[in-house]
Amino acid sequence: MSTSLTEETQVTEAGVSTRLSSLDTLESEAIHIIREVVAEFEKPALLFSGGKDSVVMLHLATKAFWPGKVPFPVLHVDTGHNFPEVIDFRDRTVERLGLKLVVGSVQEFIDRGELAERADGTRNPLQTVPLLDAIQQNKFDAVFGGGRRDEDKARAKERILSLRDEFGQWDPRNQRPELWNLYNGRHTVGQHVRAFPISNWTELDIWRYIERENIELPGLYYAHEREVFARDGMWRAVGEVSQPRPDEEVITKTVRYRTVGDMSCTGAVESNAYTVSDVVVEVAASTLTERGATRADDRISEAAMEDRKKDGYF
Amino acid sequence: MTTEAVLPADLETALPTTLFRFATAGSVDDGKSTLVGRLLHDSKAILADQLDAVARTSADRGFGGDKGGIDLALLTDGLRAEREQGITIDVAYRYFATDRRSFILADCPGHVQYTKNTVTGASTADAVVVLIDARKGVLEQTRRHLSVLQLLRVAHVIVAVNKIDLVDFSESVFRDIEADVQQVGRELGLGSDGISDLLVIPVSALDGDNVVERSERTPWYTGPALLEVLETLPAADELESHLESFRFPVQLVIRPQGALAPDAVAAGLDAEAYRDYRAYAGQITEGSVKVGDQVSVLTPGQAPRTTTVAGIDFAGASLEEAAAPQSVAIRLADEFDVARGDTIAAAGTVREASADLYAALCWLSPKPLREGQKVLVKHGTRTVQAMVRNVTGKLDLATFKLEAASTLELNDIGHAQLRLAAPLPLENYLHHRRTGAFLVIDPLDGNTLAAGLVKDHPGDHEDERYSI
């Protein structure tokens, strides 16, 4: 080990230290993208769920416009099955930054009979309709999303600025080539653009950045005790919308969430990572992807994300 | 001293890693997807659930016959149509890290629209890995790839001579191919123009020879393995941040006029002190800047205005200096009217803005280019209307000769002259990878038609047809 450490030191002295770290480079790229979209679009909005990726994206936006306000509203599609502590975190964050919050409600669509509950109880795929409705109602022409290319095979093919047609659809086979740092956001009436400023970040980058910038997250990202039961190889929280079947035993475990989505399809992982630095170490050593470990909806098929995205999903 | 890759990072002792972007390019069946899969797999970037999914699909398809095995190519084919057809359609981005660097890999498909994909991948790449099948040697498509990379001024070109196991690890086969590659490099000026370098490595993507670790089966090859090279080459940012020609296209003006962010106020910011705050936000595309530097503000249609940098701000921090590719906000000593689309540059380093644009165009659209066509040109943070005056030739990528042409079609690279509705601070792409680049956009549907590279200063080439 000592030899490799010596090498590292030499590399640093040779000039690497004068270069930006990978986190600084990613931060700089994301801020450039956020500013481009604000400069070129009439009415952008930022998708904010209280999940770690959207929290990081919003943090980047505050840095991009400092000391001014973040010049766009945030949009949340509430499945009605969100973790209460995440909704609480969302509201506190919006209040702290003086932002306008627009909420699209899956529950309201179900109540009006415009969406039907799925047999498996998962509401994640149902978010597309309220999302597109909110975009249309509010005339948003650009929507920032926290999607990352390392999350999923379909997302690996996504552009940083990605055109959606009048029906909100993504056409992965007919995307604009994206060259240099020149982003082409031109669109016609009815179309909109999804912008992904943290496309090039990995899960580990996100966590290292949260640690470095001391960014607050909902508590369930850190280890805590929770009543859970095993289903589909994941630990599912006992809650109003996720009740164990008679054959599923409820036990108390120390868990944390790697992703925070709809309670009906998001699983917890066993973890002793109580602090952000614990999480960084845990993520670096993880042998499973975050979606593979914690998202039932992405296990439906190899192309589950691609199919949802084509319909207009995040 | 050996410089073997140490994987994975020891988090307690690791220094901050730097970012390195590279792309892969290759011809049909040269094993590019397998090489990418090998890099990801051997650098432990493939996680267990991804590997399980690939193993299942490999078994379903009977990959490797009775011996079985994992088709590493499946790791990179993301879309349903790609897996169904067994081909890669679109550029895919992949991520992996060693303890030195984080890598962004643009995996560019070889057979469908290779020019479009290679141009796209190479435009942001610090290095490009070109694959050659050791049994086939340098093909016409290899020449085309190298030609595109030279045109796009990619700093490091690495030729991986793959399937070296299928030629029994023969040194003479490798040396012949190496000589051919160097010959093409000389014809193009690649590796000898002071801008790029050209490296040739024998590899077996299937077995992993010289991919992550040096192989004992190629004892005649004493150079580094591919990953070692990628870990140690200087990134383009590193090369460009030292250039003296500071360039900063203004993205927007930050002018809160008393309406400060609540969290900034909560953190103790004095609203009164920021009442007249005015800063220009952007990303440094080239060079570096210090407080007190003399700079010129370039506004199209106006003479350059010279002033001094009064401050460099970033999210509450005041910086003494900043360099490419940092995103910052710059305050100027004089209260000029500066807006999006203007460029702030080191004083006295920029040529006069011009409305005549002479450029190489990589045509990326199924709609061919017509002379007289109206287009939009996006350069830096400014988009202007333009007209294509004439096409002055088309490059034969295999012979590197310019042929007469009056149109450009999908995947063609040609030279053209455009007239802009407003002058732009254009610079030669050869020396300015950011301020020498532009997009050609269709004003009707907004699609990107071409990647543009500014050639010599336009004034020098008034109406010269069929000459480079």
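Which residues does A:Glu290 touch, not counting residues up to four places away in sequence? In this predicted model, the partners are A:Glu203, A:Arg258 and A:Thr259. A:Glu290 itself belongs to helix α9 of chain A, which covers residues 290-294. The residue counts as buried because 23 C-beta neighbours lie inside 10 Å, and the cut-off for burial is 20 or more. A further relationship across the sequence involves A:Asp152: this residue and A:Glu290 are 138 residues apart in sequence, yet their C-alpha atoms are 9.7 Å apart in space.

We may turn next to chain B as a whole. Chain B contains nine helices and 22 strands, and 53% of its 468 residues count as buried. Among the contacts in chain B with a separation of 6 or more, 71% are accounted for by residues 24 or more positions apart.

One part of chain B that repays a look is an open sheet of six strands. Read across the sheet, the strand order is β2-β3-β1-β4-β5-β6 of chain B, and the pairing is mixed. The edges are formed by β2 (92-97) and β6 (197-202) of chain B, each of which pairs on one side only. On average, neighbouring strands of this sheet are turned by 25° against each other, with direction ignored. Within the sheet, strands β1 (residues 18-25) and β3 (residues 101-107) of chain B run parallel and are joined by seven bridges. B:Ala23 has its bridge partner in β3(B), namely B:Ala106.

Two helices of chain B pack on this sheet. Helix α5 (residues 140-151) of chain B touches β1, β4 (127-133) and β5 of chain B, and its direction makes about 170° with that of β4(B). Helix α6(B) also packs on the sheet, where it touches β4, β5 and β6 of chain B; the angle between its direction and that of β6(B) is about 165°.

The nonpolar interior comes next. In soluble globular proteins, nonpolar side chains tend to be buried together. The largest nonpolar core of the model has 204 residues, and those with the most contacts inside it are A:Leu46, B:Val128 and B:Val161. Leaving aside neighbours within four places in sequence, A:Leu46 is in contact with A:Met57, A:Leu58, A:Ala61, A:Phe72, A:Val74, A:Leu75 and A:Phe144.

The backbone also offers some details for the geometry-minded reader. Most residues other than glycine have a negative phi, and most peptide bonds are trans. Against that background, A:Trp66 and A:Pro67 are joined by a cis peptide bond with omega of about 0°. A:Pro67 sits in the loop between α3 (52-65) and β2 (74-78) of chain A. In chain B, the peptide bond from B:Ala324 to B:Pro325 is cis, and its omega is near 0°; B:Pro325 is found in the loop between β13 (321-323) and β14 (327-332) of chain B.

Positive phi values appear in loops of both chains. A:Trp180, a residue other than glycine, has a phi near 50° and lies in the loop between β5 (161-164) and β6 (192-195) of chain A. With 17 other C-beta atoms within 10 Å, A:Trp180 is partly exposed. B:Asp168, also not a glycine, has a positive phi of about 55°. The loop that holds B:Asp168 runs between β5 (156-162) and α6 (171-188) of chain B. B:Asp168 counts as exposed because it has 9 C-beta neighbours inside 10 Å, where the limit for exposure is 12 or fewer.

Technical notes: Residues numbered from 1 in each chain as written. Chains lettered and ligands numbered in written order. Predicted model: local features only at pLDDT ≥ 70, side-chain atom pairs only at ≥ 80, totals over all residues. Helix = DSSP H or I, 4+ residues; strand = E, 2+ residues; numbered from the N terminus. Contact = placed C-beta atoms within 7 Å. Core = buried A, V, L, I, M, F, W, Y, C linked by C-beta atoms within 7 Å. Pairing = 2+ DSSP bridges. Axes fitted to C-alpha atoms, helices over the stretch in contact; angles between N-to-C directions.
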